[in-house]
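User: I'm new to this structure and would like a close look at one small part of it. Could you walk me through that part slowly and then show me how the rest of the chain fits around it?

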Amino acid sequence: MSAMAEILVPGRAGEGDALVLTAPISFWGGVDPKTGRIADVRHPQHGEVIAGRVLFLPGTIGSSSASAVLMELVHNGRAPAALVLHEPDAILLLGLIVAREMGWATPMAVRLERGSFDSYRGATVTVASDGAVTAAV
């Protein structure tokens, strides 16, 4: 499976096991920035680790602090390998932009239609610097 995604925030190309979330998530209180683990006990993927994985986000639950949590994840080395969003989230993506301005290596973020997310489930996924999203089966 391969698709060309729209690049939302350039960053380093990433590869990792896909984590396809089945519900939107709030990064503020929903993700532990020290461990990269989904901390929200109400989230279907509670306990999963997003660090080093290609994170497919069907949506986010807004908080203006989401960018700070994502920036902390980058700083702590616990960020996803890449982020694949259905819709751009300017507040969340600001965390990547600020982290990059701080000189930290940041994962890239791309936009891909939500309908294709499930085809990446269970695969090792590469997000290339040109926006190509490829699954190795």
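Is Phe-56 buried or exposed? Please start there and take me through its surroundings.

Analyst: Happy to. One thing before we start: this is a predicted model, so everything below describes a prediction.

Phe-56 is buried, because its relative accessible area is 0%, and the cut-off for that word is under 20%. The residue sits in strand β4, which covers residues 54–57.

Now for the company Phe-56 keeps. There are two aromatic pairs in this model. One of them joins Phe-56 to Phe-117 in an edge-to-face arrangement, with the ring centres 5.2 Å apart and 70° between the planes. That angle counts as edge-to-face because it is over 60 degrees. These partners come from distant parts of the chain: Phe-56 belongs to β4, while Phe-117 is in the loop between β6 (109–111) and β7 (124–127), 61 residues away in sequence.

The other pair brings Phe-56 together with Tyr-120, and here the rings are stacked, at 5.2 Å centre to centre with 25° between the planes. Tyr-120 also lies in the loop between β6 and β7, so this pair ties β4 to a part of the chain 64 residues apart from it in sequence. Put the pairs together and you get a cluster of Phe-56, Phe-117 and Tyr-120, linked by their rings.

What about cover for the partners? Phe-117 is buried too, since its relative accessible area is 3%. Tyr-120 is buried, just as Phe-56 is.

Let's stay with Phe-117 a little longer. Setting aside residues up to four places away in sequence, Phe-117 touches Val-20, Phe-56, Leu-57, Pro-58, Val-84, Leu-85, His-86 and Leu-112. You can place some of those on the strands: β3 runs over 14–20, and that takes in Val-20 among the contacts of Phe-117. Strand β5 spans 82–85, where you'll find Val-84 and Leu-85 from the contact list. For a sense of distance towards the end of the numbering, Phe-117 and Val-137 are 20 residues apart in sequence, and their C-alpha atoms are 15 Å apart in space.

Now let's step back to the whole chain. It has two helices and eight strands, and from the N terminus they follow the order β-β-β-β-α-β-α-β-β-β. The radius of gyration is 13 Å, close to the 14 Å that the globule rule gives for 137 residues, so the chain is as compact as a globular protein of that length. Along its principal axes, the C-alpha trace spans about 35 × 35 × 20 Å.

The buried ring cluster has plenty of buried company: 48% of the 137 residues are buried. Links across the sequence show up in the contacts as well. Of the contacts between residues at least 6 apart in sequence, 73% join residues at least 24 apart.

On the outside, the accessible surface comes to about 6300 Å², with 54% of it belonging to carbon and sulfur atoms. As for charge, there are 10 positive and 13 negative side chains, and the centres of the two sets lie 5 Å apart.

To finish, here are a few residues with a different setting from the rings. Lys-34 is in the loop between β3 and β4, and is exposed because its relative accessible area is 68%, where the cut-off is over 50%. Beyond residues up to four places away in sequence, Lys-34 touches Asn-76 and Arg-78. Arg-114 is another matter: Lys-34 and Arg-114 are 80 residues apart in sequence and 28 Å apart in space, C-alpha to C-alpha.

Asn-76 lies in the loop between α1 (66–75) and β5. Its relative accessible area is 35%, so Asn-76 is partly exposed. Apart from neighbours within four places in sequence, Asn-76 is in contact with Pro-33 and Lys-34.

Back in the loop between β3 and β4, you'll also find Pro-44. Pro-44 is exposed, with a relative accessible area of 54%. Leaving out residues up to four places away in sequence, Pro-44 touches Thr-22 and Ala-23. Ile-25 is 19 residues from Pro-44 along the chain, and the C-alpha atoms of Pro-44 and Ile-25 are separated by 9.7 Å.

Conventions:
Residues numbered from 1 in each chain as written. Heavy atoms only, no water. Phe/Tyr/Trp six-rings, centres within 6.5 Å; stacked < 30°, edge-to-face > 60°. Helix = DSSP H or I, 4+ residues; strand = E, 2+ residues; numbered from the N terminus. Buried < 20%, exposed > 50% of the residue type's maximum accessible area, 1.4 Å probe, protein only. Rg over C-alpha atoms; globule rule 2.2 N^0.38 Å. Contact = heavy atoms within 4.5 Å. Areas by Shrake-Rupley, 256 points an atom, 1.4 Å probe, with all protein chains shown as cover. Lys, Arg positive; Asp, Glu negative; His and termini not counted. Charge placed at Lys NZ, Arg CZ, Asp CG, Glu CD.
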